[in-house]
Structure formats: C-alpha cells, structure tokens
Amino acid sequence: MGFVLNVLWLLFCGIWMAIGYVLAGIICCVLIITIPFGVAAFRIAGYVLWPFGRTTVEKPDAGAPSCVGNVIWFVFAGWWLALGHIVTSIPLFVSIIGIPFGWANLKMIPISIMPLGREVVSTDEQFGGR
C-alpha cells in the first residue's frame, strides 16, 4: 500500500516539490557559507519525493545553532517552500480523491520551515499516523 501511495504522490505533487527543494539546495550550495542549508534541502527533497513509510524526528543533540539556522532558513527559503506546499495542496483538496495527499502535503510544512535539527527515519505506521 505504501508503494502505491508513494507512486501516486510522486505523480501528483512529489516531483514538483522535490524540484523546489533541489533548486533551493543548489542555490544554497553555490553560496558557500550556506552549504549546511543546501544539505538539509537535499535531504528533505528525498523525503518529499517518497514520504510514505518515513517520518521526521527531532535530533536530541541539535542545539542553539540549529535554532539560529532555522530562523535564517525561514527568511530566505522556508516560507517559499511552505507556500509551495500550500499551493500544491489546493488542487489536491479540490479533487475528492486527492484530499489525503493534500493533507499529507500540509503536514510537511513544519519541516519545510524548520529543517535543521531534524532527521528523516523509517516508520512502521500506516498512512495517517503521526
């Protein structure tokens, strides 16, 4: 079931959001000082491309630098990517069959705003679990 959900996700909105994250990552890597943001953007691009069966958790050792980095990330890239999640979820909500994908898209907004200090891990929970 997870494979089918991931393929449908990929077709409807995953590829577009992953492209957005990859573009943000490339821009961050070109500007040498923001390479850690680029690495985080590439990590999230992989998660956004194939999200079902995985989740994000906070790193226990993330400290004040990740908090400061998240503020910088939000100002330069986070709100654009969160807006992308909102825009791609609207057509999914309009179609009845896309409502679960629209909801999953909105659940990715927190990681698009604050990616530092989080990691992507596999989960055994089914779709809809936290």
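These are my notebook entries on a predicted model, taken one topic at a time.

**Entry 1. The core.**
I looked up the largest nonpolar core and found 24 residues in it. W9, Y21, V48, F52, W73 and F101 are the members that touch the most other members. I then checked which helices feed this core. At least two residues come from each of α1 (2-30), α2 (35-49), α3 (64-94) and α4 (99-106). As background, I noted that nonpolar side chains in soluble globular proteins tend to be buried together.

**Entry 2. W73.**
I picked W73 from the core list and asked what it is in contact with, leaving aside neighbours within four places in sequence. The contacts are A24, C28, F37, A41, G78, L81, S112, I113 and P115. W73 is also listed among the buried residues of α3.

**Entry 3. Helix α3.**
I went along α3 next. The helix has a kink of about 65°, and the kink is centred on F74. I wrote down its buried residues: S66, G69, N70, W73, A77, G78, L81, A82, H85, T88, S89 and L92. What do the buried residues of α3 pack against? They pack against α1, α2, α4 and α5, the last of these spanning 109-113.

**Entry 4. Two residues of α3.**
I looked up G69 first, which lies in α3. Is G69 buried or exposed? Its relative accessible area is 6%, under the 20% cut-off, so G69 counts as buried. Not counting residues up to four places away in sequence, G69 touches F37 and L116. G69 and F37 are 32 residues apart in sequence, and I read 8.0 Å between their C-alpha atoms.

I then turned to W79, also found in helix α3. W79 has 38% relative accessibility, which falls between the 20% and 50% cut-offs, so this residue counts as partly exposed. I looked up one distance for W79: its C-alpha atom is separated by 18 Å from that of V39, 40 residues apart along the chain.

**Entry 5. The second largest pocket.**
I noted a volume of about 260 Å³ for the second largest pocket. How many residues line the second largest pocket? The lining has 14 residues, and A24, I27, C28, F76 and A77 lie nearest the centre. Both α1 and α3 supply at least two residues of this lining. I found that α3 gives the most, with six residues. By type, the lining residues are twelve nonpolar, two polar and no charged. A24 and C28 had already come up in my notes, as contacts of W73. A77 had come up as well, as a buried residue of α3.

**Entry 6. L106 in α4.**
I found L106 in helix α4. L106 is partly exposed, because its relative accessible area of 28% lies between 20% and 50%. I listed what L106 touches, not counting residues up to four places away in sequence: I86, S89 and F93. Of these, S89 is among the buried residues of α3. I also looked up T88, another buried residue of α3. L106 and T88 are 18 residues apart in sequence and 9.2 Å apart in space, C-alpha to C-alpha.

**Entry 7. I111 in α5.**
My last residue was I111, found in helix α5. Its relative accessibility is 5%, so I111 counts as buried. Which residues is I111 in contact with, leaving aside neighbours within four places in sequence? I wrote down I44, T56 and R118. The C-alpha atoms of I111 and I44 are separated by 7.9 Å, although these residues are 67 residues apart along the chain.

Conventions
Residues numbered from 1 in each chain as written. Predicted model: local features only at pLDDT ≥ 70, side-chain atom pairs only at ≥ 80, totals over all residues. Heavy atoms only, no water. Core = buried A, V, L, I, M, F, W, Y, C linked by side-chain atoms within 4.5 Å. Buried < 20%, exposed > 50% of the residue type's maximum accessible area, 1.4 Å probe, protein only. Helix = DSSP H or I, 4+ residues; strand = E, 2+ residues; numbered from the N terminus. Contact = heavy atoms within 4.5 Å. 1 Å grid on protein atoms, 1.4 Å probe; cavity = no way out; pocket = protein on both sides within 12 Å on 5 of 7 lines; lining within 4 Å. Points joined across faces, edges and corners; volume = space filled by probe spheres on them. Nonpolar A, V, L, I, M, F, W, Y, C, P; charged D, E, K, R; others polar. Bend = angle between axes of the 7 residues up to and from the residue.
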